Amino acid sequence: MRMRQKDSLMRIDTIYSADAVEFCPVEGKQLLCAVGTYQVLEREQEQEPTKRTGRLLLYNASTGSLVQQIDCSAILDMKWHHSQLFVVTSVGDTVVYELEGDLVQKSVLKNGKDNILNLSIDLFGQEAVIGQSDGCVQVLNADMTMKQQWKAHDFEAWTSVFDKHNPYIYTGGDDCKLKRWDTRSSVCTLQKTFDCGVTIISSHPKLEHTLATGSYDDHLRIWDTRNMKQELSSFNTGGGVWRLKWHPRDPNIVLAACMYNGFHIFDIQDQITLKYSHMEHQSIAYGADWCLLDNIIGTCSFYDHLLTFWNFDVYNAFH
């Protein structure tokens with residue numbers, strides 16, 4: 001395992017606190033990286049409700065140049081679907097942008113609830129699933145109309161994702177529960193209790209029965225969805241696991257943002273093995289993603305509002 005304090009190709013100050021990084025998948029545009037920020041504004045009076053703002057930033061990861069800046073509500077999560085970028089915000093909006101040279105806003109769907117944040121978004125096929133701060137989950141159709149909504153957790157639904165191979169949605173919440181829902185009926189078919197809140201779930205896009213989870217309990221876990229009584233393997237990452245991103249080509253490699261303990265690359269084959277650590281960030285490690293070109297990784301952290309682009313060649317490192 002290799003660990004470096006300083007391995008970045010570029011270090012960028014995002015000004016506002018940064019919490020999400022997503023590389024564009026469009027051919028010829030893969031070096032474009034969207035970065036979401038979330039800034040809590042100071043209250044003029046103590047009794048005032050919390051006010052937040054944000055910016056959607058588009059960078060060229062090859063040069064580090066800022067391509068576009070959009071002022072918006074605070075961003076919690078975002079995902080690309082071809083040339084469209086779906087963004088969820090602190091005011092309960094799901095905003096869709098289209099990459100037309102620049103990002104152009106195409107539609108906005110409000111969750112219809114006062115002071116309820118949209119926390120996470122996952123896309124699969126023609127649908128989106130969104131986890132919310134009141135514990136609810138919403139499923140949207142391709143035209144941004146509501147398909148389903150239900151109460152999934154007692155507290156924040158930090159993560160909600162589609163099973164990429166079967167008609168299920170997995171959700172994780174601050175109530176320390178992981179749940180599986182049948183998308184045909186919204187019935188819960190599985191519930192597991194963790195010691196701490198479940199912060200991230202990721203269904204493997206290539207390995208049908210492989211599921212990864214992260215929690216405030218500092219553990220990355222790999223599961224076989226056919227038998228969820230016990231995880232296949234687990235690893236104490238030294239920090240709460242906030243995001244997980246599968247490598248776009250090697251199915252055994254996963255990138256993890258581990259809050260108070262940096263960013264790590266793991267090999268999950270057989271047992272979870274730590275292969276590399278990127279420890280350059282000095283604040284909460286929240287956002288991470290793989291670029292489809294040039295072995296570039298983008299990572300961002302919160303209070304130091306730091307975005308780094310760094311190089312990691314999986315093939316040369318592991319073979």
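Buried means under 20% relative accessible area, exposed means over 50%, and partly exposed lies in between. Keep these cut-offs at hand for the exercises below, which work through a predicted model.

**Exercise 1. Sort D294, D270 and E42 by their exposure: buried, partly exposed or exposed?**

Solution. Start with D294, which has a relative accessible area of 49%. The partly exposed class lies between 20% and 50%, so D294 is partly exposed. Next comes D270: its relative accessibility is 69%, so D270 counts as exposed. Last is E42, which at 78% also counts as exposed.

**Exercise 2. Where along the chain are D294, D270 and E42 placed, and what is the sign of phi at the two aspartates?**

Solution. First, find the loops. D294 sits in the loop between β28 (285-290) and β29 (296-301). D270 belongs to the loop between β26 (263-267) and β27 (273-278). E42 is in the loop that runs between β5 (39-41) and β6 (51-60).

Now turn to the backbone. Most residues other than glycine have a negative phi. D270, although not a glycine, has a positive phi of about 65 degrees. D294 is also a residue other than glycine, and its phi is positive, near 65 degrees.

**Exercise 3. Does the overall fold agree or disagree with a compact globule?**

Solution. Begin with the elements: the chain has 1 helix and 30 strands. Then take the radius of gyration. A compact globule of 319 residues would have a value near 20 Å, and the chain has 18 Å, so the two agree. For the extents, the C-alpha trace spans about 50 × 45 × 40 Å along its principal axes. Finally, look at burial and contacts. Of the 319 residues, 58% are buried. Among contacts between residues at least 6 apart in sequence, 44% join residues at least 24 apart.

**Exercise 4. Which residues touch the most other members of the largest nonpolar core, and which strand gives the most to it?**

Solution. As background, nonpolar side chains in soluble globular proteins tend to be buried together. In this model the largest nonpolar core has 20 residues, and Y38, L76, F86, I121 and Y286 touch the most other members. The elements giving two or more residues to this core are β9 (84-89), β12 (118-124) and β13 (127-132). Of these, β12 gives the most, with 3 residues. Apart from this core lies another, of 17 residues, with M78, V87, V95 and Y97 among them.

To zoom in on Y38, leave out residues up to four places away in sequence: its contacts then include R52, L76, L117 and F302.

**Exercise 5. How many side chains are positive and how many negative, and how is the accessible surface made up?**

Solution. Count the charges first: the chain has 29 positive and 40 negative side chains. The centres of the two sets lie 3 Å apart. As for the surface, the accessible area is about 13,700 Å², and carbon and sulfur atoms account for 46% of that area.

**Exercise 6. What separates H219 from H281, and E42 from S8, in sequence and in space?**

Solution. H219 and H281 are 62 residues apart in sequence, with their C-alpha atoms 20 Å apart. E42 and S8 are 34 residues apart along the chain, and 32 Å separates their C-alpha atoms.

To place H219, note that it is in strand β22 (residues 219-224). Not counting residues up to four places away in sequence, H219 touches T213, G214, S234, F235, N236 and V241.

Conventions. Residues are numbered from 1 along each chain as its sequence is written. This is a predicted model: local features need pLDDT of at least 70, side-chain atom pairs count only at pLDDT 80 or more; totals for chains, interfaces and linings use all residues. Side-chain values use heavy atoms; hydrogens and water are left out. Helices (H or I, at least four residues) and strands (E, at least two) are DSSP runs, numbered from the N terminus. The radius of gyration is taken over C-alpha atoms; the globule rule is 2.2 Å times the number of residues to the power 0.38. Buried means under 20% relative accessible area, exposed over 50%, partly exposed in between (1.4 Å probe, protein chains only). Contact means heavy atoms within 4.5 Å. Accessible areas come from the Shrake-Rupley method with a 1.4 Å probe; for residues, only the protein chains shown count as cover. Lys and Arg count as positive and Asp and Glu as negative; His and the chain ends are not counted. The place of a charge is taken as NZ of Lys, CZ of Arg, CG of Asp or CD of Glu. A nonpolar core is a set of buried Ala, Val, Leu, Ile, Met, Phe, Trp, Tyr and Cys residues joined through side-chain atoms within 4.5 Å.
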